[in-house]
Structures are given as C-alpha cells and as structure tokens.
Amino acid sequence: MEQAVQEAFFQDKIEKEIKIEPKDWMPEKYRQTLIRQISQHAHSEIIGMLPEANWITRAPSLRRKAILLAKVQDEAGHGLYLYSAAETLGISRDQLYDQLHTGKAKYSSIFNYPTLTWADMGVIGWLVDGAAIMNQVPLCRSSFGPYARAMVRVCKEESFHQRQGFEILLTLSKGTEAQRNMAQDAINRWWWPSIMMFGPKDDESPNSIQSMKWKIKRFSNDELRQKFIDVTAEQIKVLGFTLPDKELKWNEARQHYDFGTINWDEFWQVIQGNGPCNRERLDARKQAWANGAWVREAASAYAAKKEKNKTI
C-alpha cells in the first residue's frame, strides 16, 4: 500500500511538471532508466570526440583548427556534465566507465563510422549535431532535474557546433568541383547513419513508452526523426547539394516529407558492435583509461595526504 501511495505521488509530481531531484523518492525502474539514458549520452559525448580529434592537426587553416579544437573541448565538457548528473542517481564514475569498457553500456551508433575527409567535419556538425539538437532540446524539460539543467548548456553549445558544420559545407559549396564532390560524398555517407541516431522504430523501442510517461522523453523516436528530416530537407536546398534518398519528397496531405526505407539491419549490426569503427573506438577509450591510471593514482594520493594533514 505504501509503495502504491509513493508511486501515485511520484506520478502526480510528473504530471504537474515538478522536477524530480536526486533525494526524492523515485521508482527503481525510473532510476535505472535514467542511469542507462544519461550514461549512454555521456559515453556518446566522450566517444564522439574521437572521429573529430582525428582532424584537428589536418584542418585546412589555423582558424579551422582553433574552432575544431574548441568543439572537441566542448564535447568533453558535455560528457563531464552528464557523468555528474548520472552520479546523483547513486552510481560512481568508475562504474560508469567500467560499463562502457566492458560493453555493457552503449553509446550512439553514429560514432562508429570513419571520418575520411575534411568535409566529414562539416557533415558531422550539420547532420550529426543537428540530429543531436533535435533529440536533446526536449530533454531540457526532462522530469529529472539534474539532467534537464545539464542539457540547457549542452544544447546552447551544440547549436554553435551545428552552425559551424553548416558553414564548412556552405564554404565548400562555393569552392572547386573537387571540393563540392568531396562535400556531396560526405553527405551521402552520413545521411542514413544520422537518421538512425534517433534509435529504432517506435514499435521496436521497448523503453520509449515508459520514458514518455515519466516525461524523461517528450517525443518518440519516429516523431523526432520526422522533424529532423523535414528541417534538413529544406536546409540542403540552401547548400545546393542533394540528400541520397530518391524517395524523399514533400507530402502535402501529411505536411511532412516522405522518405525511403532505413537499413535497420545495418543499424542493429552497429549497435551490436559490428560497425566499421566499433572496436577502434572502444580500444581507444580503454587505452586512454589505462594510460591515465597514474594521474588518478597521483590525485588520490594527493587527496589522502591533504586529508591526513588536516588531522595533524
């Protein structure tokens, strides 16, 4: 009876748009759902640094290097905000890292694709960060307070990343034939993985319905995917490029763009660890963790020494 009363009170707070804070009572499944979602988001920010960091030293100008470096630093900060939010749910940072390194925790499938040319930096900014913004802006109204507050700053910075990517592609669109071809090739390679970022179809997403009832999420995967396609199909006209979908066309009756069939076999293969760069990305994180062991040990020793000196 007490459990039922607590759950009813909890859901009433959700319906009234009252934020759930870490010390509030919450259903265990709500807590675990948040840990899964926030940690996956944090891991995606950290893993997402890798394909772009690969181009910092090869960016075509000092200005481009500085901008890309700043963007990668932003992503590191986003990961730290989100790990901190996850920690308020009673899980340690080391546990979160261990779940990533052992493959128990997932990260966004998009970061398992290679960055082959400089144009990929533009497409990642425009498409990948654009899809991230579409997904993340509603999270600023998430029912869990620490997550919602972290997302406000994340979304503000991601909006700059998206504009930076669009500006790279706009510059290439006014360049040589080789530059235009490079940009179009990058768009062709990243388009379908980008719209897969929203996750599986609604009828194959077992967590979405409950997450929306708890107002962790505000829109379903398919709703967000459709919004992203509608926006992007108009933006591509400004760039003068094309999206690699022959079935993409405006549907007057629906007031939305129709689009082709997504290769869900590819999506599930990447999720299961069989994408082009899955092993490379995870190995890089494991190596970084191992190489940083001495820093963690030194920090712990220094903290212990300071604590000991307080007692003297």
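This passage describes the nonpolar cores, two helices and the aromatic contacts of a predicted model.

The largest nonpolar core holds 47 residues, and within this core Trp126, Trp190 and Trp191 touch the most other members. Several helices contribute to the core: α4 (62-87), α6 (119-136), α7 (145-173), α8 (177-196), α10 (221-239) and α11 (264-274) each provide at least two of its residues. A second core lies apart from this one and has 26 residues, including Leu34, Ala42, Leu89 and Trp214. Returning to Trp126, its contacts, leaving aside residues up to four places away in sequence, are Gln162, Gly165, Phe166, Leu169, Ile187, Thr232, Gln235, Ile236, Leu239 and Leu243.

Helix α10 deserves a look of its own. Its 19 residues should span 27 Å at 1.5 Å a residue, and this agrees with the 27 Å between its end C-alpha atoms. The helix has both polar and nonpolar residues among its buried ones: Asn221, Leu224, Arg225, Gln226, Phe228, Ile229, Asp230, Thr232, Ala233, Ile236 and Leu239. These buried residues pack against α6, α7, α8, α9 (208-213), β2 (256-258) and α11. Just after α10 comes Gly240, with a positive phi of about 80°.

Helix α2 (residues 28-47) can be examined in the same way. For its 20 residues a span of 28 Å is expected at 1.5 Å a residue, in agreement with the 28 Å that separates its end C-alpha atoms. Of these 20 residues 14 are buried, so α2 is largely enclosed by the rest of the structure.

Turning to the aromatic residues, a search of the whole structure gives 13 aromatic pairs. In one of them, Phe10 and Tyr30 have ring centres 4.9 Å apart and planes at 75°, so the pair is edge-to-face. This pair links distant parts of the chain, as Phe10 belongs to helix α1 (residues 2-15) and Tyr30 to helix α2, 20 residues apart. Both partners are buried: Phe10 has a relative accessibility of 2%, and Tyr30 has one of 0%. Phe267 and Trp268 also form an edge-to-face pair, with 4.9 Å from centre to centre and 75° between the planes. Here Phe267 is buried at 4% relative accessibility, whereas Trp268 is partly exposed, with a relative accessible area of 31%. Phe10 and Tyr30 also belong to one aromatic cluster together with Trp25 and Trp214.

Two arginines place their charge over a tryptophan ring. The charged end of Arg58 sits over the ring of Trp55 at 3.9 Å from the ring centre, and that of Arg296 sits over the ring of Trp289 at 3.5 Å from the centre.

Conventions: Residues numbered from 1 in each chain as written. Predicted model: local features only at pLDDT ≥ 70, side-chain atom pairs only at ≥ 80, totals over all residues. Heavy atoms only, no water. Core = buried A, V, L, I, M, F, W, Y, C linked by side-chain atoms within 4.5 Å. Buried < 20%, exposed > 50% of the residue type's maximum accessible area, 1.4 Å probe, protein only. Helix = DSSP H or I, 4+ residues; strand = E, 2+ residues; numbered from the N terminus. Contact = heavy atoms within 4.5 Å. Expected span 1.5 Å × (residues − 1). Phe/Tyr/Trp six-rings, centres within 6.5 Å; stacked < 30°, edge-to-face > 60°. Lys NZ or Arg CZ within 6 Å of the ring centre and 35° of its normal.
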